[in-house]
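Subject: Handover of a structure for your study

Dear colleague,

Please find below the structure that I am handing over to you. I should be grateful if you would keep it open while you read the notes that follow.

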Amino acid sequence: MAVPQTIKLTYFNLAGRAEIARLAFHIGDIAFEDERISRGAFAALKPSLPFGQLPILTVDGKAFAQSSAIARFAGARSGLYPTDPIAALQVDEILEHAKDIFDVLVPTLREPDKAKRLAMRQELTERKVQPMCAALEARVASTKAPIGDFVLGHALSLADLELYLTRDLFTSGWFEGVPTTLCDDHAAWSEIAAAVAKHPKVQSWQQRATAAQ
């Protein structure tokens, strides 16, 4: 299969569902266009998109949808997605569960009334998000390789990036009303996130993102 010549990742100017792919490309030194568009531009573009949603990955002029598929493509190109099927399963279950956690809170983004939005987040956090985060911590703690800083041991993978980004999403306060201390008691998860944060390529990406704000 020919190596793609041009890659463009299109999303809003926020982390959301595209950041794991952006970060994977950056870590792997894969050249890509990081296109960030406004809500107005999205509305105009929406009818032409495969499923009417973002992110979109355009590879050599051909558009592909679905954030999980895009993340795996970025991971495969960057050496962050394992070729071993069992290791890939271990990575995938973390990716999918973290996505499930995020999806619980997505409806709150569409609530215009602040008081109702915060009440929704409090209820959803107590009823769903906290137990789901606890389940993720338990799974990570029980399946992480015994040697090394990351889920698969010494090899950084998409699973580690997802744990780092999901934890950062909560600790940053981006979901106003969701406690920033949500992950404080999750030691295994937090240790992996801390190891990812020390990675030189992750640090350079965060410096770049901060400068762009």
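Where does the largest pocket lie with respect to domain 1 (7-78) and domain 2 (85-199)? Both domains give residues to its lining, so the largest pocket lies between them. Please note from the outset that this is a predicted model.

**The largest pocket**

The volume of the largest pocket is about 900 Å³. Its lining is made up of 36 residues, of which L14, A15, G16, E19 and L165 are the closest to its centre. Several helices and one strand supply at least two residues each to this lining: α1 (19-27), β2 (33-37), α3 (67-78), α4 (85-105), α6 (158-171) and α8 (200-212). The largest share, seven residues, comes from α6. Sorted by class, the lining of this pocket holds 17 nonpolar, nine polar and 10 charged residues.

**The second largest pocket**

About 520 Å³ of space lies in the second largest pocket. There are 20 lining residues here, and the closest to the centre are Y11, F12, R17, L54 and V106. At least two lining residues are supplied by each of β1 (7-12), α2 (39-45) and α4. The classes divide into 10 nonpolar, five polar and five charged residues. Domain 1 and domain 2 both give residues to the lining of the second largest pocket, so it too lies between them.

**The nonpolar core**

In soluble globular proteins, nonpolar side chains tend to be buried together. In this model, the largest nonpolar core has 62 residues, and those with the most contacts inside it are L161 and F170. Helix α6 gives the largest share of this core, eight residues. Since residues of the core come from both domain 1 and domain 2, the core lies between them. You may therefore wish to look at α6 twice, because it gives the largest share of the lining of the largest pocket and also the largest share of this core.

**The N-terminal part of the chain**

A UniProt annotation from an unreviewed entry, "domain: GST N-terminal", covers residues 5-82. Over residues 5-82 the chain is 36% helix and 24% strand, and the C-alpha atoms at the two ends are 23 Å apart.

Within these residues, T10 has its place in strand β1. Is T10 buried or exposed? With a relative accessible area of 4%, T10 is under the 20% limit and therefore counts as buried. The C-alpha atom of T10 is separated by 31 Å from that of V140, which is 130 residues away along the chain.

Helix α1 is mostly covered, as nine of its nine residues are buried. These buried residues are E19, I20, A21, R22, L23, A24, F25, H26 and I27. After α1 comes D29, whose phi is positive, near 55 degrees.

**Backbone details in the loops**

Which peptide bond is cis, with omega near 5 degrees? It is the bond from L54 to P55. P55 lies in the loop between α2 and β3 (56-59), and L54 is among the residues closest to the centre of the second largest pocket.

Two further residues deserve your attention for their backbone angles. D60 is not a glycine, yet it has a positive phi of about 50 degrees. The loop between β3 and β4 (62-65) is where D60 lies, and D60 is partly exposed, with a relative accessible area of 44%. Q66 is likewise a residue other than glycine with a positive phi, near 80 degrees. Q66 lies in the loop between β4 and α3, and at 36% relative accessibility Q66 counts as partly exposed.

**A residue in helix α5**

Finally, L118 has its place in helix α5 (residues 114-143). L118 is partly exposed, with a relative accessible area of 25%. The C-alpha atoms of L118 and D149 are separated by 36 Å, and the two residues are 31 apart along the chain.

Yours sincerely,

A colleague

Technical notes. Residues numbered from 1 in each chain as written. Predicted model: local features only at pLDDT ≥ 70, side-chain atom pairs only at ≥ 80, totals over all residues. Heavy atoms only, no water. UniProt positions renumbered as here; feature names shortened; annotations may be inferred. Helix = DSSP H or I, 4+ residues; strand = E, 2+ residues; numbered from the N terminus. 1 Å grid on protein atoms, 1.4 Å probe; cavity = no way out; pocket = protein on both sides within 12 Å on 5 of 7 lines; lining within 4 Å. Points joined across faces, edges and corners; volume = space filled by probe spheres on them. Nonpolar A, V, L, I, M, F, W, Y, C, P; charged D, E, K, R; others polar. Domains from an automatic or database assignment. Core = buried A, V, L, I, M, F, W, Y, C linked by side-chain atoms within 4.5 Å. Buried < 20%, exposed > 50% of the residue type's maximum accessible area, 1.4 Å probe, protein only.
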